[in-house]
Amino acid sequence: MDVPELSRPRQPYLSALKSRFGRRLLTLFIGCALLPSVLLAFASYASVSHELEAQGRERLREAAAGVGLTVLERLIGAQADVAELSQRAALPARLQPTALVRLDRKVSGIAFVPRVGDERALLGHIADASDIADAVAGQLAPGQTLLYGRRSVNDLPQTFLISHASQGGRAGSLVVALDAGYLWGGLRENALSPDMELLVLDDSARVLYGPADLQLPAAVTARFGGTASGELSWTDSSGLYLAGFRSLHLRGRFATPDWTVVLREPRSTVLAPIGQLRRIFPLGLACCIVVIVLLSLFQIRRGLQPLQALQEGTRRIASRDFESRVTVASRDEFAELAGSFNSMATTLEHQFHALGTAADLDRAVLSAIDALTIVDTILGRARDVYPCDLVGVTLLVDGQAAHSFVQDAGRRGGRRIEYVALTPAETHALRAETERIVALDDAAPSHLASLAELGAQSALVIPLVFQDDLIGFVAFATREPREPGAEALTHAQRLAAQAAVGLANARMVEQVRSLAFFDGVTGLPNRLFYRELLARALARARREGGRVGICFVDLDHFGRINDTLGHEVGDQLLRDVAARLARCCRESDGIARMASDEPRPDVARWGGDEFTIVLPDLTGAHDAIRIVQRILDAFAQPFQLAGIDVFVAASVGVALAPEDGEDAETLLRHADVAMYHAKEQGRNSFSLFSPAMNSAAVERLALEQDLRRAVQGSELVLHYQPIVEADGGRIVAAEALVRWQHPQRGLLPPLDFIGIAEESGLVLPIGEWILRSACRQLREWRDAALAIHLSVNVSGRQLRDPTLTNTILRVLSETGVEPGWLTLELTESLLMDQQDETVALLQRWRDMGLGLSVDDFGTGYSSLSYLKHFPFDTLKIDRTFLNDVGAGGADAAITRAVLALGHALDLRVVGEGVETPDQLAFLREHGCDLIQGFLMSRPLPAEEMTRRLRDGRPLTPSAVRLAG
């Protein structure tokens with residue numbers, strides 16, 4: 001096969017700049033070559049500049065010292081001559097030049113000042129000589145000569161020597177003005193260069209000699225007072241200067257502060273010798289850059305040509321062109337890299353072909369959702385992954401038996417399917433190994449016999465294992481023995497692994513299908529499948545103008561089975577119920593069927609202990625009633641659970657389409673409402689849906705929502721019904737009764753909302769609120785010295801609450817109520833559930849000091865037999881036994897028996913619900929202890945109850961009427 005070669009034509013130098021890598025190399029070369037040179041040049045320039053500055057400062061300092069010495073010598077010479085003149089016995093009125101041989105050309109004027117305002121010119125003219133003498137009068141001592149310097153009105157420097165002298169017997173001051181030419185002349189010619197500038201400063205940093213407008217920085221003048229000589233630099237408006245200075249020690253000889261001689265020179269003048277270097281440096285640097293760039297471009301171009309060829313080859317491989325080859329003639333490492341690159345391209349060409357085939361197989365295997373499709377894919381494409389002649393796929397059915405599929409890999413079709421059996425040893429060997437080569441000779445295993453019959457000599461066998469579960473195996477067989485290559489073996493193992501995942505996924509899909517539509521406990525259709533069945537039945541009814549009914553079946557008190565016999569027995573009961581319901585439906589004539597010849601399940605488990613039934617093809621409500629009655633009759637027979645007969649009742653709600661709704665959601669909701677209505681009617685019955693039920697359900701839901709807000713707010717109030725002595729009518733106790741002050745409906749009694757609170761669970765927070773509010777009121781009465789016991793009712797939901805005892809203790813502690821003044825009332829029906837636990841709980845309350853009362857006595861089961869087991873101290877006769885006590889009969893006999901029983905057990909007996917004088921008289925006659933009822937008093941608000949207790953009068957029927 002002709003292989004195209006990739007090479008790059010020779011390119012101009014500047015083409016290297018088109019490459020990012022070339023630009024980076026060029027920058028690197030320039031930086032590596034130029035940067036050190038520039039740094040070295042700048043370092044050299046800085047070093048020479050520093051050295052020139054140091055030498056310039058030193059030269060200025062030495063020159064300042066020389067100038068200062070010259071000025072000092074001239075001052076000393078002039079001082080000696082002035083001292084000689086001042087020591088004369090008497091000064092003449094006018095000095096002749098012949099008398100000034102030694103002062104010749106040293107002075108420009110001499111004046112004698114005998115007193116202030118009077119001056120006599122001896123030679124020349126000195127302006128303000130009297131002022132000068134007066135300014136230094138306090139500083140001049142006898143025998144001393146004072147040096148004084150200033151600027152004239154023309155800003156010219158003036159220097160004076162002042163000493164004591166006498167004239168004509170009058171003492172005064174001799175003021176001598178030194179000639180400027182004498183003092184300062186010739187200094188520049190002797191010691192200074194043309195660019196140097198001489199400054200002479202006094203101790204106040206005033207310029208005595210030099211530019212009159214010169215302003216020195218404070219930092220500079222501070223240096224002059226600190227040392228005798230030195231060097232410095234400063235910057236002013238005219239530029240940067242280097243300077244040297246020298247102090248003139250004048251105080252000891254001239255009785256005046258020291259002067260400072262300063263020589264300064266522009267820095268540019270000092271650095272003038274390296275100006276030539278500064279001018280030729282940029283040109284030299286530019287020449288270096290040009291040379292470096294040209295050399296770098298040449299070398300970069302040589303390196304980029306093979307690199308670009310390799311880059312082009314890489315791009316072709318990325319676009320899956322594996323046939324092109326790279327040619328590099330540089331005979332260096334790039335040429336070796338090109339050879340390796342061409343070898344890699346050849347290998348990748350083979351691998352990509354195999355991987356593409358494997359990827360196609362992976363997609364086909366993993367996207368399939370049934371095992372046969374996966375098997376077909378493996379048989380049809382296995383040869384593209386592994387070089388073989390025959391392919392076999394065997395799937396285990398039950399761990400030993402298996403289905404084997406064999407096909408010639410060189411052609412499509414010709415598949416053999418057979419049932420094979422594996423020995424336990426073969427199954428164990430497959431599970432334990434990853435792959436093996438099996439020779440297909442006379443001793444070939446039975447599960448590979450089909451391959452041997454088709455002429456295979458050897459086979460690569462790879463188990464199909466997913467999460468330690470052996471699903472089967474795949475065999476790649478060849479008609480001539482051969483050893484598989486490492487790459488081919490890897491691809492075969494990968495195909496087997498993906499096939500195992502796909503087959504496991506197909507198996508799980510089948511399981512999910514079953515779990516998605518059928519209940520795991522009963523095997524009935526679940527809620528999802530039931531909705532589909534109901535939707536089909538409704539669609540058929542709409543097409544044919546028929547009727548459909550649905551039933552909601554809920555088991556009564558199913559929770560007791562789980563609590564007493566365990567959940568396993570509860571699941572068995574659900575399975576038995578499902579079987580009975582299915583049997584009842586099979587016996588009926590109005591059961592829906594599948595559209596095909598397969599019967600459709602009509603009973604489904606809705607969830608928990610609820611079942612649903614589709615009733616298609618009904619002619620009217622009587623068909624549904626007949627089926628429901630058959631279901632209730634079936635529940636009349638006991639269920640055999642854990643070796644005992646258990647009677648289970650059911651409540652059934654029925655809704656019909658189209659009367660009660662035309663869609664599934666509406667029918668289900670209405671059937672559920674009817675089922676709850678059946679429960680409210682006493683359970684073990686059925687109810688047909690009616691619109692009134694829906695209205696009641698909606699009203700009940702709204703009332704429940706209002707009750708939730710009432711619990712969180714302050715709408716609940718307590719009323720207290722007095723309990724009085726039967727004989728005297730004295731109030732000894734009261735029962736706390738909750739009322740609901742509804743914002744729209746007014747004051748509601750407990751019967752209107754306690755049932756809702758029980759079902760919704762709100763009875764727990766309501767019960768705790770009642771207990772806390774009652775104890776607070778009791779605490780107020782006790783603090784007011786009003787002795788009264790208070791009774792609070794305990795509901796069934798509260799009694800099952802494990803935190804109730806802790807709640808009672810916490811409330812008693814918070815309110816400070818003694819337990820003996822609080823009585824807890826329980827209805828007789830509550831005492832039948834879990835008697836052992838209830839007895840232990842009541843005994844604990846009794847040990848805490850709480851009073852215990854049984855309410856509605858006589859309405860439960862076996863009242864007389866279990867009463868002795870509970871630690872009560874009060875017994876309330878149910879009001880139903882007091883209705884006809886005046887007429888005698890059974891109610892009177894039962895009431896007398898209860899009174900006798902209570903007294904025999906040493907219990908206080910309360911007659912509850914007393915509303916007539918005859919009932920009161922009967923109870924008094926037979927020894928009833930306490931009376932509670934409307935005849936004595938209705939439940940009262942806390943304020944009214946407090947007023948009655950403070951009044952202290954007994955409550956009698958006549959008193960009640962008068963008070964009303």
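**Exercise 1. Find which aromatic residues cluster, then work out how one pair of rings is arranged.**

Start with a group: Tyr530, Phe552 and Trp606 come together as one aromatic cluster. Rings of Phe, Tyr and Trp (its six-membered ring) pair if their centres lie within 6.5 Å, and planes under 30 degrees apart count as stacked, over 60 as edge-to-face and the rest as tilted.

Before going on, a word about the model: it is predicted, so local features need pLDDT of at least 70 and side-chain atom pairs count only at pLDDT 80 or more, while totals for chains, interfaces and linings use all residues. Residues are numbered from 1 along each chain as its sequence is written, and side-chain values use heavy atoms, with hydrogens and water left out.

Step 1: count the pairs. The structure holds 9 aromatic pairs.

Step 2: pick one. Phe518 and Phe529 have ring centres 5.5 Å apart and planes at 75°, so this pair is edge-to-face.

Step 3: place the partners. Phe518 is in the loop between helix 13 (486–517) and helix 14 (527–544), while Phe529 is in helix 14, 11 residues apart. Helices (H or I, at least four residues) and strands (E, at least two) are DSSP runs, numbered from the N terminus.

Step 4: check exposure. Phe518 is partly exposed, at a relative accessible area of 33%, whereas Phe529 is buried, at 12%. Buried means under 20% relative accessible area, exposed over 50%, and partly exposed in between (1.4 Å probe, protein chains only).

**Exercise 2. Which rings have the charged end of an arginine over them?**

Step 1: set the test. A charge sits over a ring if NZ of Lys or CZ of Arg is within 6 Å of the ring centre and within 35 degrees of the ring normal.

Step 2: look at Phe639. Arg580 lies over its face, 3.6 Å from the ring centre.

Step 3: look at Trp821. The charged end of Arg782 is over this ring, at 3.7 Å from its centre.

**Exercise 3. Describe the second largest pocket.**

Step 1: get the terms straight. On a 1 Å grid over the protein atoms alone, a cavity is a set of points where a 1.4 Å probe fits but cannot get out; a pocket is an open set with protein on both sides within 12 Å along at least five of seven lines, and lining residues have an atom within 4 Å of a point. Grid points are joined across faces, edges and corners, and a volume is the space filled by probe spheres set on the points.

Step 2: take the volume and the centre. The second largest pocket has a volume of about 1000 Å³. It has 37 lining residues, and the closest to its centre are Glu735, Leu737, Pro750, Ile754 and Asn793.

Step 3: find the main contributor. That is strand 27, giving the most to the lining with 5 residues.

Step 4: sort by class. The lining splits into 16 nonpolar, 11 polar and 10 charged residues. Here Ala, Val, Leu, Ile, Met, Phe, Trp, Tyr, Cys and Pro count as nonpolar, Asp, Glu, Lys and Arg as charged, and the others, Gly among them, as polar.

**Exercise 4. What lines the largest cavity and the second largest cavity?**

Step 1: count. A search of the whole structure turns up 5 cavities of 30 Å³ or more.

Step 2: take the largest cavity, with a volume of about 60 Å³. Its lining includes Gly767, Glu768, Leu771, Val792 and Asn793. Helix 21 supplies the largest share, 3 residues. By class there are 6 nonpolar, 3 polar and 1 charged residues.

Step 3: move to the second largest cavity, at about 40 Å³. Among the residues that line it are Gly392, His447, Ser450 and Phe473. This lining has 7 nonpolar, 5 polar and no charged residues.

**Exercise 5. Spot the unusual backbone angles.**

Step 1: recall the background. Most residues other than glycine have a negative phi, and most peptide bonds are trans.

Step 2: find the cis bond. A cis peptide bond joins Ala657 and Pro658, with omega about 15°. Pro658 is in the loop between strand 24 (650–657) and helix 18 (664–680).

Step 3: look at Asp617. Not a glycine, Asp617 still has a positive phi of about 60°. Asp617 is in strand 21 (residues 610–618) and is partly exposed at 40% relative accessibility.

Step 4: look at Asp906. Its phi is positive too, about 60°. Asp906 lies in the loop between helix 26 (890–904) and strand 33 (908–912), and counts as exposed at 70% relative accessibility.
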